[in-house]
Amino acid sequence: MKILIMNGPNLNLLGVRETAIYGSTSFDDYLQTLKQKYTDIELVYYQSNIEGELINKLQEVGFSFDGIVLNAGAYTHTSIALLDCIKSITTPVVEVHISNVHAREEFRRHSVISPACKGVIAGFGLHSYQLAIEALIAQ
């Protein structure tokens, strides 16, 4: 099984960015934990702050991987382009959020990309990524 974990804008700053919301663990450190837990799954990681690069990567793997775990960051709430891309690929996408976006600012409560995703997991910190991987394994 091959799963892409993709993070969008500002998620490269996990561990130092708003630690009260996102925690103090970097994603690189957490990724090592995931790789140790899922030794029989190839976990590929990609992060970009640029919308077009995220789309290019989704198109690159969206017909050959078994699943995609996507935290689109702020693009979740604005990107019709990401929505169209997810609708165009055959690989299932699970939308992930570290924080409970429904308990935050009003603008964070609506996801433009959710209708194209297999499911949404939010509010469990970095553990949200593991829950998404488990959902993809179970399908």
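## A right-handed β-α-β unit

Let's start with three pieces that belong together: strand β3, helix α4 and strand β4 make a right-handed β-α-β unit. Keep in mind that this is a predicted model. Along the chain, β3 covers residues 67-71, α4 takes in residues 80-88, and β4 spans residues 93-97.

The two strands of the unit are also joined to each other: three bridges link β3 to β4, and the pair runs parallel. If you want a spot to look at, find V69, which stands opposite V94 in β4.

## Strand β3, wrapped on both sides

Now for β3 itself. Five of its five residues are buried, so the strand is largely enclosed by the rest of the structure. The cover comes on both faces: G67, V69 and N71 are buried on one side, while I68 and L70 are buried on the other.

β3 has another partner too, namely strand β1, made of residues 2-7. Five bridges join β1 to β3, and these strands run parallel. Here the place to look is N7, which stands opposite N71 in β3.

## Helix α4 and its buried face

Turn to α4 and you'll find L82, L83, C85 and I86 buried. Looking down the helix axis, the buried residues fall within an arc of 165°, so they line one face of α4. What sits over them? The cover includes α3, β3 and β4.

## Two residues in helix α3

Helix α3 runs over residues 51-61 and holds K57; L58 lies in this helix as well. L58 has a relative accessible area of 0%, so it is buried. Setting aside neighbours within four places in sequence, L58 is in contact with M6, I68, L82, C85, I86 and I89. Among those partners, L82, C85 and I86 are buried residues of α4, and I68 is one of the buried residues of β3. M6 is a long way off along the chain: L58 and M6 are 52 residues apart in sequence, yet their C-alpha atoms are 8.8 Å apart in space.

And K57, is it buried or exposed? Its relative accessibility is 15%, and buried means under 20%, so K57 counts as buried. Leaving out residues up to four places away in sequence, K57 touches L4, M6 and Y46. M6 therefore turns up in both contact lists, since contact means heavy atoms within 4.5 Å and both K57 and L58 meet that mark with M6.

Note on methods. Residues are numbered from 1 along each chain as its sequence is written. This is a predicted model: local features need pLDDT of at least 70, side-chain atom pairs count only at pLDDT 80 or more; totals for chains, interfaces and linings use all residues. Side-chain values use heavy atoms; hydrogens and water are left out. Buried means under 20% relative accessible area, exposed over 50%, partly exposed in between (1.4 Å probe, protein chains only). Helices (H or I, at least four residues) and strands (E, at least two) are DSSP runs, numbered from the N terminus. Two strands pair if DSSP finds at least two bridges between them. A crossover is right-handed if, with the strands pointing away from the viewer, the path from the first strand over the helix to the second runs clockwise. The arc is that of the directions from the helix axis to the C-beta atoms.
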